[in-house]
Amino acid sequence: MHLPNRRHFIKSSAALTAGLGWLNAADDPRFSPDKAARLRAGLKGQLIVPGDEAYESAKRVFYWNPRTERHPAAIVRCGAEEDAMRAVAFALEHGLEIAVRSGGHSHLAWGSSDGLVIDLSPLKQITIDPKRLLVRAQAGVLGGELARAVGEHGLVPVLGQCPGVGATGVILGGGLGWLSGLFGACCDHLVSARLVNADAKTIEVNGETDPDLFWALRGAGANFGVTTSFEVQLQTIGPVLGGDLHFVVRDARAVLRGFREIMHG
């Protein structure tokens with residue numbers, strides 16, 4: 001497959017200008033029952049439209065806010081990577097705005113739109129290579145799920161602090177967490193990503209196949225395609241001391257000085 005350079009990719013993605021809030025929605029982004037039926041027939045997952053029993057819960061993101069609430073014309077809950085391809089192709093054909101959702105943790109509701117929502121949260125496959133310290137995970141895997149899976153091998157991923165946040169969004173957005181002081185940002189450990197691009201085709205992106213696009217994914221990855229899976233480098237660490245500190249205000253000077261000495265060591 002020919003993999004475009006960054007200039008070609010941006011040019012070919014002109015219709016996707018709002019960063020996976022990509023497309024300018026048509027005057028009426030809703031589509032007819034026959035169009036919905038055609039999309040549903042090709043999916044391995046689920047198509048949810050207004051009026052369905054699951055619609056009200058499916059349209060909400062984690063940080064629900066009535067000022068940022070959207071009313072999607074349809075939500076595709078992907079059962080496989082191919083569903084994301086079909087959803088992008090359908091949105092392109094019918095002029096629907098696209099939003100992509102994994103963990104759904106966006107204060108600005110970036111995981112929703114008034115057009116088509118591509119929900120990757122059902123994609124949960126994790127493949128670990130403990131000898132090479134690598135893991136490949138699908139886009140629906142949460143940070144806590146990934147940490148628990150690789151932890152069984154005595155390894156850790158560099159992710160954020162909240163286990164309920166989607167690992168994909170944290171990594172592609174830069175990401176800082178408990179281990180960043182030792183190992184840097186989450187995006188620093190990205191090895192490769194598999195995307196559905198603006199042409200509704202899948203591409204594998206790494207530092208050799210497309211260094212410009214790979215560079216962009218490491219911190220600004222929400223703008224370049226639907227990431228269906230990613231590969232990251234794992235780390236090894238020794239024993240970890242963690243817990244809460246509770247003290248009265250009058251002891252603050254002694255406690256904080258003691259904490260500083262512990263952290264220094």
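**Exercise 1. Describe the order of the strands in the open sheet and find the strands at its edges.**

Solution. In this predicted model, five strands make up an open sheet, and reading across it gives the order β5-β6-β9-β7-β8, with antiparallel pairing. The next step is to look at the two ends of that order: β5 (126–129) and β8 (202–206) stand at the edges, and each has a single partner strand, so one side of each is left without a neighbour in the sheet. As for how the strands are set against one another, neighbouring strands of this sheet are turned by 15 degrees on average, with direction ignored.

**Exercise 2. Work out how β5 is held in its surroundings, beginning with its pairing to β6.**

Solution. Strands of a sheet pair through backbone hydrogen bonds, in either a parallel or an antiparallel manner. Here β5 pairs with strand β6 (residues 134–138) in the antiparallel sense, and the pairing runs over four bridges. A position to look for in the structure is Ile126, which stands opposite Ala137 in β6. Helix α5 (residues 143–151) packs on the sheet, where it touches β5, β6 and β9 (226–233), and the direction of α5 makes about 35 degrees with that of β5.

**Exercise 3. Take the salt bridge between Glu81 and Arg194, and decide which parts of the chain it ties together.**

Solution. Side chains of opposite charge can pair when their charged atoms come close. In the pair of Glu81 and Arg194, the closest N and O atoms are 2.6 Å apart. Glu81 belongs to helix α4 (residues 81–94) and Arg194 to strand β7 (residues 190–196), so the salt bridge ties together parts that are 113 residues apart in sequence. With regard to accessibility, Glu81 counts as buried because its relative accessibility is 15%, whereas Arg194, with a relative accessible area of 26%, is partly exposed.

**Exercise 4. Do the same for Arg136 and Glu231, and then name the network to which they belong.**

Solution. The side chains of Arg136 and Glu231 meet in a salt bridge with an N to O distance of 3.9 Å. Since Arg136 lies in strand β6 and Glu231 in strand β9, the pair ties together parts that are 95 residues apart in sequence. Arg136 has 25% relative accessibility and therefore counts as partly exposed, while Glu231, at 16%, counts as buried. The wider picture follows from the network of salt bridges that links Glu81, Arg136, Arg194, Glu204 and Glu231. Over the structure, the count of salt bridges comes to 11, and one of them joins Arg132 and Asp129 at 3.7 Å, N to O. In that pair Arg132 is exposed, with a relative accessible area of 55%, and Asp129 is partly exposed at 27%.

**Exercise 5. Classify the aromatic pair found in the structure.**

Solution. A search of the whole structure finds one such pair. The rings of Phe62 and Tyr63 have centres 5.0 Å apart and planes at 85 degrees, so the pair is edge-to-face, given that planes over 60 degrees apart are assigned to that class. Phe62 is exposed, with a relative accessible area of 54%, and Tyr63 counts as partly exposed at 32%.

**Exercise 6. Which residues have pLDDT under 50, and what is the mean for the chain?**

Solution. The mean pLDDT of the chain is 87, and 88% of its residues reach 70 or more. Over residues 9–29, however, pLDDT stays under 50, and for this stretch the model has 48 contacts beyond four places in sequence.

Note on methods: Residues numbered from 1 in each chain as written. Predicted model: local features only at pLDDT ≥ 70, side-chain atom pairs only at ≥ 80, totals over all residues. Heavy atoms only, no water. Pairing = 2+ DSSP bridges. Axes fitted to C-alpha atoms, helices over the stretch in contact; angles between N-to-C directions. Contact = heavy atoms within 4.5 Å. pLDDT = per-residue confidence, 0-100. Phe/Tyr/Trp six-rings, centres within 6.5 Å; stacked < 30°, edge-to-face > 60°. Buried < 20%, exposed > 50% of the residue type's maximum accessible area, 1.4 Å probe, protein only. Salt bridge = Lys/Arg side-chain N within 4 Å of Asp/Glu carboxyl O.
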